[in-house]
Structures are given as C-alpha cells and as structure tokens.
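Visitor: Hello! Could you walk me through this structure, one question at a time?

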Amino acid sequence: MENETQRSLSKRLGITTLDVLKKAAELERLMNVRGCSMNLTSVSKSVICLEIAANNSQVPMNRNVAIQLSGMTKKAYIHAFKTIECLLGKQKEFTIKDLAVQFGCMEASDLAQQIHQRYKQEFVKEVEDMSHPIFNATALYTACRYKKIKIDKTKLLSVLGTCKRSTFDSLFKKMEKIPDMLEATESKRKTSKRGYGLLDRVTEIVEDQCRSSKISKEDDGDTDSDDKEYEEWKRRILESAAKAMQSRDKKNTDKDNS
C-alpha cells in the first residue's frame with residue numbers, strides 16, 4: 001500500500017488513479033532496494049516516483065507543481081528525475097521521428113535514419129547496445145547540421161537526461177562524417193547506373209544484328225563479301241551513340257550547375 005507521504009503528495013499533484021499510486025509506491029521500494037536514492041529527501045523521491053508512474057500510465061501531471069513540492073531547483077529536479085528514470089529502466093524511448101516532431105525538423109528525419117543505420121553498420125560492434133536515445137538524438141542533430149537546419153542542442157541534451165555533453169560531442173564527431181559517405185555512395189551508384197546506358201544498349205543491338213546478319217550470310221554461303229561494310233556501319237552507329245550520350249551528359253551538367 002502506498003505510504004502516507006505519497007498519498008498526500010498525489011492529492012496535491014491531482015493524481016487520483018489507483019494504478020498510478022501503486023506503481024509509484026513500487027518504484028520507490030525499487031529505488032530503496034537498488035540503493036539509488038541519490039541523497040534525496042523522502043518527499044522529492046516520492047514526487048519523482050509519482051511523475052515517472054504518471055508518465056508511464058499516460059496520466060497528465062503538472063511538473064512545475066512537482067518541482068515546487070520537491071523543494072529542489074528545476075535543474076536539480078530534472079537531473080534527478082532523468083537519472084532515477086534511467087536507473088529504474090523506465091526512461092521513455094525516443095525514436096528519431098519522435099525527436100524530429102518534438103524539435104520541428106521532420107525534413108531531417110530521413111537523413112537521420114540513414115546516418116543511424118550507417119553508423120550501426122560501420123562503427124558499432126555486435127556487443128554494443130544502440131538502444132540508448134543518445135544515438136537517435138545525435139543522428140538527428142548530425143542530419144540537421146548537415147542540412148543547415150536549426151536545432152537547440154541544449155534542449156536536445158536535456159531530453160537525454162543523464163547524457164554528458166562530452167559523450168554527445170564525441171559521438172557527433174563520428175557521425176558527422178557519415179553524410180559525406182552516404183553522398184559518395186549515392187554518387188557511385190548513379191554513376192554505375194549511368195554506366196550501362198545508351199552506348200551499352202546500342203552496342204548490344206549492333207552486336208545482335210551483326211550476329212544475325214552473319215548467320216544469314218553463312219546460310220546463303222556468302223560469309224566475307226560484306227564484312228567491311230558491316231564493320232563500318234557498326235563504327236558509325238557507335239560513334240553517333242557516343243556523341244548523343246556526351247551531349248546528354250553535358251546538358252545534365254549544365255542544368256546541375258545552373
């Protein structure tokens with residue numbers, strides 16, 4: 001059964017849901033068992049546990065009132081809340097999309113997803129855990145910086161709670177190289193795709209026609225008479241195709257530079 005302190009605080013916080021009160025009491029007991037009281041007063045512990053329980057049950061609660069009741073400064077309260085939330089394994093999971101919506105930078109979401117995936121492929125060992133929200137947050141921050149989209153780094157760090165700025169900065173230095181890697185990969189892919197283009201297709205057609213004509217001549221018993229004509233015809237066709245492709249590429253380049 002929830003203690004007297006929690007019952008009194010829950011009324012002042014406007015929390016009346018029995019399920020939330022039970023969860024808060026259980027969280028406080030878990031805190032005591034794990035020894036993560038952080039030198040907090042019984043009141044501040046109860047308030048923090050009530051907010052965590054309310055958040056997990058999606059019950060609205062006024063944080064400003066909670067901070068006043070805790071007797072702590074806003075900064076100290078938020079730090080203690082995030083630390084306890086993490087220690088108890090109750091921290092909210094923030095996807096890249098969640099963070100992008102919260103910070104108003106949805107246009108960076110897709111790139112952030114690609115950065116996160118590439119980082120996982122290139123830099124993370126199998127034993128490492130990427131479930132911590134710092135990876136999603138840093139990927140989004142990196143994407144915003146690359147796209148020159150404003151994002152409040154301080155507020156982003158506050159969402160992460162216990163994450164140190166130095167840890168965030170170190171991770172960012174690794175991730176900031178990835179957009180260029182992605183661009184290089186995409187450019188290579190496009191170049192490879194263009195490589196099999198007009199000239200390749202024309203060459204295939206010409207070779208097929210030459211083979212067909214040769215077979216036809218062999219059937220007629222005349223295999224050598226027009227070989228030079230076919231070779232000259234083939235050369236002219238391929239030259240025309242090459243010129244057409246060069247002209248197209250030049251137009252595309254001029255368009256990209258304009």
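Guide: Gladly, and let us begin with a term: helices (H or I, at least four residues) and strands (E, at least two) are DSSP runs, numbered from the N terminus. This is a predicted model, where local features need pLDDT of at least 70 and side-chain atom pairs count only at pLDDT 80 or more, while totals for chains, interfaces and linings use all residues. Residues are numbered from 1 along each chain as its sequence is written, and side-chain values use heavy atoms, with hydrogens and water left out.

Visitor: How many helices and how many strands does the chain have?
Guide: Reading along the sequence, you meet the pattern α-α-α-α-α-α-α-α-α-α-α-α-α. The secondary structure therefore comes to 13 helices and 0 strands.

Visitor: How many salt bridges are there?
Guide: A salt bridge here is a side-chain nitrogen of Lys or Arg within 4 Å of a carboxyl oxygen of Asp or Glu. Counted by this rule, the total is 5 salt bridges.

Visitor: Which residue forms a salt bridge with E26?
Guide: Look in helix α2 (residues 18–34), where E26 has a partner 3 residues away, about one helical turn. The N to O distance between the two side chains is 2.8 Å, and the partner is R29.

Visitor: Is R118 buried or exposed?
Guide: First the cut-offs: buried means under 20% relative accessible area, exposed over 50%, and partly exposed in between (1.4 Å probe, protein chains only). R118 has a relative accessibility of 15%. That value is under 20%, so R118 counts as buried.

Visitor: Which residue does R118 meet in a salt bridge?
Guide: R118 sits in helix α7 (residues 109–122), and its partner lies 4 residues apart in that helix, about one turn. The partner is partly exposed, with a relative accessible area of 46%. The side chains meet at 3.2 Å, N to O, and the partner is E122.

Visitor: How many residues apart are D169 and K153?
Guide: The side chains of D169 and K153 meet in a salt bridge of 2.6 Å, N to O. This pair links distant parts of the chain, with D169 in helix α10 (residues 165–175) and K153 in helix α9 (residues 153–160), and the separation is 16 residues.

Visitor: What percentage of the contacts between residues at least 6 apart in sequence join residues at least 24 apart?
Guide: A contact means heavy atoms within 4.5 Å. Among the chain's contacts between residues at least 6 apart in sequence, the share joining residues at least 24 apart is 69%.
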